[in-house]
Amino acid sequence: MSATGKDLALRGITKLFSGFTAVDDLDLHVPAGSFFALLGPSGCGKSTTLRMVAGLEHPTRGRILIGDDDVTGTKAHQREVNTVFQSYALFPHLSVLENVAFGLRRRKVPDALGRASKVLDLVELGHLAQRRPAQLSGGQQQRVALARAVVNEPHVLLLDEPLGALDMKLRRQMQAELKQIQQEVGITFIHVTHDQEEALTMADTVAVMNAGRIEQIGPPGELYDLPRTAFVANFLGKSNLFEAEVVDAAGPQGLTVQFGETTCRLAAERAVQQQGRIVVGIRPEKIVLTRAGRRPADAQADWTRVTGGRVRDVAYTGVSTEYEVEVPGAGSLTVFSQNLRTEVIGPGTEVDLWWEDANLFGLAGGSDTEAGVEEL
Amino acid sequence: MAVNTTPGAAEELTTPQEHVAPPPLPEQSAEERRTWRARGRLGMLLVIPGFAFITLFFVVPVFSMLAMSLYVRPEGAVPGEFVPGFNIATYAHVMTTYGDTFVRSFLFATVATVAALCIGYPMAYLVAVRLRGRHLLQGLLLVVIIAPFFSSFILRVQSWRFILSDESWVVGFLKAISVLPQDGRLTATALAVVAGMTYLYLPLMMLPIYANLERLDTRLIEAGGDLYAGGLQTFLRVTLPLSTPGVMAGTILTFIPASGDYVNAVMLGNNVDTTTVGQIIDSRFFHATDYPSAAALSAVLMAIILILVTLYVRRFGTKEIV
């Protein structure tokens, strides 16, 4: 199968439903052949965006381009775009093989059944070709849905939370398979999901969406390492966000920020705002916790030490222990400590927190530190 | 016949039987087996009225009708006097005499069924799919469709007769715009009879299709569009095949009564060119007191309907639809 993927560009896409804005002036460019994830909580507009690319919804404003072609005004069946639906939407009256051959037949592609069988073999379902979809398991139906889309060699393949209905183990397996198939066929994949782990493991590029807008786009590692908004910091993994004051903005090693009794350094390029009151963030696994007055063995001279902490809560999860530590001037901070040693520090213990300043990131002052925290 | 084509209805039919005869599993306790037996007895009790009713009012009359069709007229009998016998010649007689009438009856029924399908399917689709989620409007339209059933159907056919009569404004208007010749008429034509049948049986066509389309997963229509099928292709390849059980039930429910129609033919036709089998049976039975012929005609009508419907279900019936 040859590489058929094309670039996808959204220019100023807005979608209004009666009374609310689902997608708000969205600009997006997805390079050909890439695996792109649109990540966001339910209701953020990611599925609407996908449906507009598929042609199942039409934007109120803006343009959609596939390759060099403006497809804004075309209908779904005229676009060389296929979707793997969340519900799979397999045709119950057709066999698995006929389901997969459906798109080829509509376009009068020669040897539709032969091609369909080949793609069924690719997803390892060749032996079930004559079954009806209702006779397959959820995971098998998911593969049929994927085969039915991939067989058409579309320019862009859309995946609308395709793994949402599968159990955890099958999900992990399908994630790996999807990634592998994408690399084999070279089609541009756009994957909509609310599962941040799924987005991080599968995609080359992740766009985090919130309330109809894109908060931040980047490779998974970059998004995780340097979130630019409180929403991204909280929605993608977990973050400790606390307010701090920039006391010196002109230092050679970047900004000097202070919270409570502690000062630390923050590289200017890692901060969205370089002066006044800002929000500083650090990931829980990047904090090292010791009993008060001790020093971690690997701590360098430039590490920041926060004294006066008191453990409030301890949750043992096997591979790591999660501590809630009350820190003067910063509030409650979460620390993930890998269980390399056997010692678990109990609640009420006086502790010091240590971190390498290079792991800090700075967000705009006044950011809602709870934005994007998933409510359980 | 109709229920066999809709899997849902078929399941409903088989369910009570399953309750009647549950396989007694080895791990069942004595108490569980007693419960199952009690349920089995209850199931039996529940189906007895149905069996009794069908036996009394369907099975017995059908056999007495078949017997009557073979009765013999004795020498020198008064009109209407027949004795039990085995006179198969009555069948040959009615088939040769009324062959054309049979053809006409089934032609009328077929045209009326097709017309009702063409009118009923879009209506059902509109209410079930396009207006999905707009419950008030859906309910209103369904009431409008069913409302005619609240009045006597003789009355409704009678009003059709007024509407289509030679003095009516409809005929006057059609003549004025030269659609109808000056000496033309609407009543006493095949058109009027077929139109009456179409109207009368339209709800029987529409409601099963509606019930079917109401469950149609519209995401499958979207999937059709996504897979390069335009509106017509999606309808032909996805929507229509999925609604086959509804279409089967609707067409059969329309075709069977239309084949034996009597009221429309009498009130809107009543012309030698529109005579239906129903009318012949009526006149043989009540006017000519030729009971064996009337019975033979009824038997032939039943047999032909049975054969046609069986062929139809064999050809288009799809039991595998989920």
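Biologist: How far apart are the centres of domain 1 of chain A and domain 2 of chain A?

Modeller: In this predicted model, the two centres are separated by 40 Å, taken over C-alpha atoms. The domain assignment places domain 1 of chain A at 8-225 and domain 2 at 238-363.

Biologist: Nice. Over in chain B, what makes α13(B) roughly antiparallel to α14(B)?

Modeller: Helix α13 (residues 277-287) and helix α14 (residues 291-316) of chain B pack at an angle of about 160°, with axes 7 Å apart. Angles over 145 degrees count as roughly antiparallel, so α13(B) earns that description relative to α14(B). The crossing of α14(B) by α13(B) is left-handed.

Biologist: Which residues of α13(B) and α14(B) meet there?

Modeller: From α13(B) come Val277(B), Ile280(B), Ile281(B), Arg284(B) and Phe285(B), and their partners in α14(B) include Ala294(B), Leu297(B) and Leu301(B). Sorted by class, this contact has 8 nonpolar, 2 polar and 1 charged residues.

Biologist: And how do you know which residues of chain B are in contact with chain A?

Modeller: Happily, there is a clear test: two residues are in contact if their C-beta atoms, placed from the backbone, lie within 7 Å. By that test, 17 residues of chain B touch 19 residues of chain A. On the chain B side, α9 (218-226) and α10 (231-242) each supply at least two residues.

Biologist: Which helix gives the most to that side of chain B?

Modeller: That is α9(B), with 6 residues. By class, the side of chain B that touches chain A divides into 10 nonpolar, 3 polar and 4 charged residues.

Key: Residues numbered from 1 in each chain as written. Chains lettered and ligands numbered in written order. Predicted model: local features only at pLDDT ≥ 70, side-chain atom pairs only at ≥ 80, totals over all residues. Axes fitted to C-alpha atoms, helices over the stretch in contact; angles between N-to-C directions. Helix = DSSP H or I, 4+ residues; strand = E, 2+ residues; numbered from the N terminus. Parallel < 35°, antiparallel > 145°, perpendicular 65-115°, else oblique. Left-handed = near helix turned anticlockwise from the far one by under 90°. Nonpolar A, V, L, I, M, F, W, Y, C, P; charged D, E, K, R; others polar. Domains from an automatic or database assignment.
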